[in-house]
Amino acid sequence: MKSFKNHLSLITALITILFTIQVFIVVERSINAYEENLKNDYSIIVVVNKNLEKKDFLKIDSTIESAEELDPSHVIDSFKDEMKEQNLKLLKLTLPKFYRVRLDHYPTPAEIEKVSKKLLRHPMITRVEDFARNHDVIYKLLLLFKEVSTLFAIAIFAVTTLLILKELRIWQFQHNERMNIMALFGAPLWMRSAVLFRLAIVDAVLASLLVNGIFFLVVQYGWLQTQLKAIGIAVNIYVLPKDPVILSVIAFVLSILLAMLVIAGSKEDS
Amino acid sequence: MDKVIVARDLTLAYNKDETIINKARFSIDSGEFIFITGPSGSGKSTLLKSLYGALGPQHGSLIVGGVEMKDIAAKKLNFLRRHIGIVFQDYKLIKEWTIEKNVMLPLIITGYSKDVSETQVDKLLTHVKLKHQAGKYPQELSGGEQQRVAMARALSHNPILILADEPTGNLDDYSSQVIWNLLEGANTQLKTTVLVVTHHIPEHMSVDYKHFNIEHGSIYEVF
């Protein structure tokens, strides 16, 4: 019971920190997945007089990832009833080429404008449709998500710092007396600090085991993933072995740092 | 006889303006039993702190166990402290540790083997009549019992010097007598040098002792 009480304060703080960090990771992944969806959905339509190769488009701007020719047959088919076969053939020959140009990331409005201008400067390109108005609304929404996510990160940092400082005071209070008593009998610094480091390592192991266990169960249960899928976001909430490694390293670094700060701040009673 | 403590023009102060002990000269031989008395705030505990290295001399020289205490290096101080047993008025036991482990502390620090340490702790706890309490924690014991644990801890590593700061200050008459008996026993049987800071010297001491008094920053022997 006594030992459990000694561990509880740090374990609670560590669990809070690790849990918040993992939630932040999931939020970041969701935003990235959403951005990827937007990128895949977004394209610029380009009208060209003659055939252009993919490499010609890639030369125009470095952000252009791909360019595919659109099949004009459904446009021609829509005139089937109104035009003669011969005219349709002529139309097919004179009809300009349409290309769907995709970019390697979801662009900002300024980037769209820049790419459009560059495309229009090409002698073969007669028209560019960048759907800028629609894009602008969606882009602002993404920007809002990103800003909220950044604010969330700052809040995590602030809470983490406060928790560490609070924990530091508790640890200093709890361990200074013991370290002083050990010093009175000639214990070297490493021996006085050994208990502290042992406690820190045990707490880091317990906290990371608990948080990893919780997220493992969340993935197994699948409720959160179902909710995210419902809004079109397919994201891994808990990636093995990357996430448990990140959480364990953070837990270890934080608790060892805490122990070192306590040792550095401990003063021998005089 | 070997000198355990030698002070030459020893000046102790917490800051430049306030000198606690001024140019004191005294020496203590190995195996002596010493009482240091003086009014409150006279510098008794300050002198004791300087003897275990918690406060360095501002001027002069203080040699404890052959080691100069002025500007002593941490490593050297740790080594010296492994040959000193300290008893405080407020016991200074580690609350998170059992009685047995508290008594074992100096043995762990000195590097005794587990078997030797356990045998020594067993012997000492029997000596202070607390063997049956070995698995308990300090706060589960009375003040007198806690001070007996502190005494057992101070004796566990066979120190050359025991320093006691008001060791009976918080105890009733019976517990005080037990502590005095233990200090006398360490001095007579183990030939350990004992230095006790106290307000009152007990009336019925069975050992020969020297008495130093501190007043107005000076230390002098009382005959």
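This is a chat about a predicted model with chains A and B.

Visitor: Hi! Where should I start? How is chain A divided?

Guide: Chain A has two domains. Domain 1 takes in residues 2-37 and 138-265, and domain 2 covers 43-130.

Visitor: How far apart are the C-alpha centres of those two domains of chain A?

Guide: They lie 51 Å apart. As for touching, four residues of domain 1 of chain A are in contact with four residues of domain 2 of chain A.

Visitor: I clicked on A:His122. Where is that?

Guide: A:His122 sits in the loop between helix H5 (109-121) and strand E4 (125-129) of chain A.

Visitor: Which residues does A:His122 touch, leaving out those up to four places away in sequence?

Guide: A:Leu52 and A:Ile60.

Visitor: And what separates A:His122 from A:Glu177?

Guide: Along the chain they are 55 residues apart, and 78 Å separates their C-alpha atoms.

Visitor: New topic: holes! How many cavities of 30 Å³ or more does a search of the whole structure find?

Guide: Two. The largest has a volume of about 70 Å³, and the second largest comes to about 40 Å³.

Visitor: Which helices supply at least two residues each to the lining of the largest cavity?

Guide: In chain A, they are H1 (2-41), H6 (132-184) and H9 (242-265). H1(A) gives the most, with four residues.

Visitor: Can you name some of the lining residues of the largest cavity?

Guide: Sure, among them are A:Leu10, A:Ile17, A:Ile164, A:Glu167 and A:Ser255. By class, that lining has eight nonpolar residues, one polar and one charged.

Visitor: What about the second largest cavity, which residues line that one?

Guide: Both chains take part: A:Gln174, A:Glu177, A:Arg178 and A:Ile181 come from chain A, while B:Leu93, B:Ile94, B:Lys95 and B:Glu96 come from chain B. That lining divides into four charged, three nonpolar and one polar. You've met A:Glu177 already, as the residue whose C-alpha atom is 78 Å from that of A:His122.

Visitor: Let's do helices. How do you describe two that are packed together?

Guide: You give the angle between their axes and the distance between the axes.

Visitor: OK, so what are the angle and distance for H6(A) and H7(A)?

Guide: H6(A) and H7(A), which spans residues 189-221, pack at an angle of about 145 degrees, with axes 8 Å apart.

Visitor: Which residues meet there, between H6(A) and H7(A)?

Guide: On the H6(A) side they include A:Trp171, A:His175 and A:Arg178, and on the H7(A) side they include A:Met191, A:Leu196 and A:Asp203. The residues of this contact divide into nine nonpolar, two polar and three charged. A:Arg178 also lines the second largest cavity.

Visitor: Now chain B. How do the axes of H5(B) and H6(B) cross?

Guide: The axes of H5(B) (residues 143-155) and H6(B) (residues 173-189) come within 9 Å and cross at roughly 10 degrees. That makes H5(B) roughly parallel to H6(B).

Visitor: Why roughly parallel?

Guide: Because angles under 35 degrees count as roughly parallel. Among the residues that meet are B:Met151 and B:Leu155 in H5(B), and B:Val178 and B:Leu182 in H6(B).

Visitor: Any backbone oddities? What kind of peptide bond joins A:Leu240 and A:Pro241?

Guide: A cis one, with omega about 0 degrees. A:Pro241 is in the loop between helix H8 (223-230) and H9 of chain A.

Visitor: Last one: what is phi of B:Tyr91?

Guide: Phi is near 65 degrees, a positive value in a residue other than glycine. You'll find B:Tyr91 in the loop between strand E6 (84-87) and helix H3 (99-110) of chain B.

Key
Residues are numbered from 1 along each chain as its sequence is written. Chains are lettered from A and ligands numbered from 1 in the order in which they are written. This is a predicted model: local features need pLDDT of at least 70, side-chain atom pairs count only at pLDDT 80 or more; totals for chains, interfaces and linings use all residues. Side-chain values use heavy atoms; hydrogens and water are left out. On a 1 Å grid over the protein atoms alone, a cavity is a set of points where a 1.4 Å probe fits but cannot get out, and a pocket is an open set with protein on both sides within 12 Å along at least five of seven lines; lining residues have an atom within 4 Å of a point. Grid points are joined across faces, edges and corners, and a volume is the space filled by probe spheres set on the points. Ala, Val, Leu, Ile, Met, Phe, Trp, Tyr, Cys and Pro count as nonpolar, Asp, Glu, Lys and Arg as charged, and the others, Gly among them, as polar. Axes are lines fitted to C-alpha atoms, for helices over the stretch in contact, and angles run from 0 to 180 degrees between N-to-C directions. Angles under 35 degrees count as roughly parallel, over 145 as roughly antiparallel, 65 to 115 as roughly perpendicular and the rest as oblique. Contact means heavy atoms within 4.5 Å. Domain bounds come from an automatic or database domain assignment.
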